[in-house]
Amino acid sequence: VYAVYRGRVNNHSFHLVDIVNEFGRCGGFDAILERLQNRDKNIPVRNLRHIISPLSKCYKMYSAETATKFIPSVCELTFETLSSLTDVELRDLRKDFLERIISSVEALLRRHKSNEEIAKIVEEFQMKMALRRLKCATIERRVNGIQYIADVCSRTRRHHGHYYTVRYYTPERLMQWIEESELLQLLFGSNSHPQLMKQSVDVLKFICNEQKLSLTHLDIIWSAIQRAAAKQDDVENELETLCSVVESITFHLDQPHFDFMFDKFEALEKQTFTAHHLQLMSS
């Protein structure tokens, strides 16, 4: 028995229960696990979404044995599949596809996990996937990754003593994740992109609100400004973007931060100054 009719309490038809049982007797659940275990060629994310979504809608009707054996395996294999996607395969991982897959896994986990356990599992994986996308070669996916991280930072910031937070990531946990992931190095390093830098404001504001913005952090940003200023043809307006990012957090800076920045400005040769430098100094 793969599914059990539990009356109208779950709003599931007994016809659907019969279908699920027949699906199981035909080897459907085993076939799904076997396909997800195949790493020679990952299942396309579009197909994964179409498989995992209907399975999650039936999680309440699964028999105890099916739920115990199938749900943990399918959730683990789904996360493993997403984690093992190549850069080429990540191109197809649209934001709405990932959200649907994650919400389906979350629904399946409700069968055996508490809300606190689900929050930890799901949010940690979402941050892992955000970092994975941020590091990939496709700019659209990289932007998706930093947008998710910036949104988490925005929702986890302290506002006058109140929390606007996600369920698992506290400000302390999130700050630790930022440092361990070397997020600022990714956002302002030589392999970054102006579109990623634009999305960094909420991350920096979160760090400032936690009073964790160090001179090392500022030095990473300053190095990016110097690289952009040295470019002969800044067609992507990287310098303007960087100066705008710093300007947007000046309200959150302390005196040591300002002293650091002005020391950097004083060390510049006059011929290297640009209008963007001057605008930033005046802010």
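Helices set the scene here: the protein has 16 of them, along with two strands. Keep in mind that this is a predicted model.

How far does the chain spread out? The C-alpha trace spans about 80 × 45 × 25 Å along its principal axes. Its radius of gyration is 24 Å, whereas a compact globule of 283 residues would have one near 19 Å. Even so, there's plenty of contact between separate stretches of the chain: among contacts between residues at least 6 apart in sequence, 69% join residues at least 24 apart.

What about the inside and the outside? Of the 283 residues, 46% are buried. The protein exposes about 15200 Å², and carbon and sulfur atoms supply 49% of that area.

**Charges and how they pair**

The protein carries 37 positive and 38 negative side chains, and the centres of these two sets lie 8 Å apart. Side chains of opposite charge can pair when their charged atoms come close. A search of the whole structure turns up twelve salt bridges. Here are some of them, with the closest N to O distance for each.

| Negative partner | Positive partner | N to O distance |
|---|---|---|
| Glutamate 22 | Arginine 25 | 3.1 Å |
| Aspartate 151 | Arginine 155 | 2.9 Å |
| Aspartate 219 | Lysine 264 | 3.5 Å |

Let's take these pairs in turn. Glutamate 22 and arginine 25 sit in helix H1, which covers residues 14-25, and because they are three residues apart there, about one helical turn separates them. Are the two partners buried or exposed? Glutamate 22 is partly exposed, at 39% relative accessible area, while arginine 25 is exposed, at 56%.

The next pair also stays within a helix. Arginine 155 and aspartate 151 both belong to helix H8 (residues 139-156), where they are four residues apart, about one turn of the helix. Both ends of this bridge are partly exposed: arginine 155 has a relative accessible area of 32%, and aspartate 151 comes in at 37%.

Which parts of the chain does the bridge between aspartate 219 and lysine 264 link? The two residues form a salt bridge with their closest N and O atoms 3.5 Å apart. This pair links distant parts of the chain, with aspartate 219 in helix H13 (residues 215-229) and lysine 264 in helix H15 (residues 255-267), 45 residues apart. Aspartate 219 is partly exposed, with a relative accessible area of 31%, and lysine 264 counts as partly exposed too, at 26%.

Salt bridges can also be followed beyond a simple pair. Glu106, Glu123 and Arg167 are linked in a network of them.

**Two backbone oddities**

Now for the backbone. Most residues other than glycine have a negative phi, and most peptide bonds are trans. Which residues have a positive phi although they are not glycines? Glutamate 182 is one of them, with a positive phi of about 50°. You'll find glutamate 182 in the loop between helix H9 (171-180) and helix H10 (183-188). Its relative accessibility is 46%, so it counts as partly exposed.

Glutamine 211 is another, with a positive phi of about 60° even though it isn't a glycine. This residue also has its place in a loop, between helix H12 (201-209) and H13. Glutamine 211 counts as exposed, at 72% relative accessibility. Helix H13, on one side of that loop, also holds aspartate 219, the partner of lysine 264 described above.

Technical notes. Residues are numbered from 1 along each chain as its sequence is written. This is a predicted model: local features need pLDDT of at least 70, side-chain atom pairs count only at pLDDT 80 or more; totals for chains, interfaces and linings use all residues. Side-chain values use heavy atoms; hydrogens and water are left out. The radius of gyration is taken over C-alpha atoms; the globule rule is 2.2 Å times the number of residues to the power 0.38. Buried means under 20% relative accessible area, exposed over 50%, partly exposed in between (1.4 Å probe, protein chains only). Contact means heavy atoms within 4.5 Å. Accessible areas come from the Shrake-Rupley method with a 1.4 Å probe; for residues, only the protein chains shown count as cover. Lys and Arg count as positive and Asp and Glu as negative; His and the chain ends are not counted. The place of a charge is taken as NZ of Lys, CZ of Arg, CG of Asp or CD of Glu. A salt bridge is a side-chain nitrogen of Lys or Arg within 4 Å of a carboxyl oxygen of Asp or Glu.
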